[in-house]
Amino acid sequence: RSLRFVLEAKIITPWGWAISVMSEPIRPWTTDEEKQDCEYHGFVRLARRLKETFPHLGICIVGDSLYACSSVMKICDDYNWDYIFTFKEGRTPKSYSDSSELMKAFPGNGGRIVNHNAHGKPFDGGAVTWANGVEISNGTDDCVSFNVVGVEASDGEGSDEVTYSGRFATSLSVKDAEQAAEIVRWGRQRWNIENNFKVEKHDGFGLEHNFCNKARASRNFYLLMQIANNLWQVFYLGHLSRLKRRYRKVAQTEWVSIIREAFHSVGISSFDDVPRRYLSRELMM
């Protein structure tokens, strides 16, 4: 069985969508550079394509700790993009230590997170701290300066338990607790992408299955799968949002089975069989 890795650019939204917009294959070996390919080189290619395709679009890259390095940050600076990366000690120990020292030196750079429950009532969501002007380099004098936000979050209302602890490296300005909390909120939205890939792998799409041995056929199948997943997210998190909130324990595969059985019970086996009164104006045009 041959494994094919793909680096995916997705748009994340506050309401949980992770929509695929561009894919870049990670090849076992790049003949152009005559060396092993990797996720970083894939990002360089994907970033170049994104910039060429959307030259004037304001972009903020949200990524894991792999991207919290000077070379990726410089790419974002060159393209006039912002970024929010998970920031871990093991990835950049010197810069991580510097951010800790700056947070201690400026204890006023801190505050509380204000969350809201389903009824709009505010409640305490934990604490944030930040450090401005942290520097990182790749061994040269060419340094990149960025900001770091630390968080100790309590997601449950009325709970003092810390449910998330971490830091984020960002190019965005951090001047108060509100801005810091917003950076944390978007940094944590990256898990929408992880959860979305989990759905593709384990909830009916079969992403990890080896459907074909031809590289081009496999890649085309993968792209069709991303299109199908995009459409499913719009339907599942859009049209089914009310039912999903009411029946939270129903898995996505079960919703598909329910919809399929409902279509069959009313005699609909294809799109052509759908009565015109059920179609929106856009679909009938």
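These legends go with close-up views of a predicted model.

**View 1. Asn80, a loop residue with positive phi.** Here we're looking at the loop that links helix 2 (70–78) to strand 6 (82–86), which is where Asn80 sits. Its backbone is a bit of an oddity: phi of Asn80 is near 60 degrees, a positive value in a residue that isn't glycine. Asn80 has a relative accessibility of 68%, so it counts as exposed, the cut-off being over 50%.

**View 2. Strand 10 and its two partners.** Strand 10 covers residues 164–170, and 6 of its 7 residues are buried. Strand 6 pairs with strand 10 in the antiparallel sense, through 3 bridges. To find that pairing on screen, go to Phe85, whose bridge partner in strand 10 is Ala169. Strand 9 (residues 144–153) also runs antiparallel to strand 10, and 7 bridges join them. For this pairing, look for Asn147, which has Thr170 of strand 10 as its bridge partner.

**View 3. Phe85 and the residues around it.** Leaving out residues up to four places away in sequence, Phe85 touches Ile61, Gly63, Asp64, Tyr67, Ala68, Val72, Met73, Cys76, Arg167, Phe168 and Ala169. Ala169 is worth picking out of that crowd, since you've already met it as the bridge partner of Phe85 in strand 10.

**View 4. The largest nonpolar core.** Nonpolar side chains in soluble globular proteins tend to be buried together. This core has 30 residues, and the members touching the most other members are Phe43, Ile61, Met73, Tyr83, Phe85 and Phe146. Plenty of elements chip in: strand 1 (5–12), strand 2 (18–26), helix 1 (39–53), helix 2, strand 6, helix 3 (93–105), strand 8 (122–136) and strand 9 each supply at least two residues of this core. Another core, of 29 residues, lies apart from it, and its members include Ile84, Val174, Ala180 and Trp232.

**View 5. Asn229, a buried asparagine in helix 6.** Asn229 belongs to helix 6, which takes in residues 215–239. Is this asparagine buried or exposed? With a relative accessible area of 0%, Asn229 is buried, because that is under the 20% cut-off. Its side chain makes a polar contact with the side chain of Asn196, at 2.8 Å. Setting aside neighbours within four places in sequence, Asn229 is in contact with Lys10, Glu200 and Phe205 as well as Asn196.

Terms used: Residues are numbered from 1 along each chain as its sequence is written. This is a predicted model: local features need pLDDT of at least 70, side-chain atom pairs count only at pLDDT 80 or more; totals for chains, interfaces and linings use all residues. Side-chain values use heavy atoms; hydrogens and water are left out. Helices (H or I, at least four residues) and strands (E, at least two) are DSSP runs, numbered from the N terminus. Buried means under 20% relative accessible area, exposed over 50%, partly exposed in between (1.4 Å probe, protein chains only). Two strands pair if DSSP finds at least two bridges between them. A nonpolar core is a set of buried Ala, Val, Leu, Ile, Met, Phe, Trp, Tyr and Cys residues joined through side-chain atoms within 4.5 Å. Contact means heavy atoms within 4.5 Å. A polar contact is a pair of N or O atoms within 3.5 Å; within protein, one must be able to donate a hydrogen and the other to accept it, and residues adjacent in sequence count only if both atoms are side-chain atoms.
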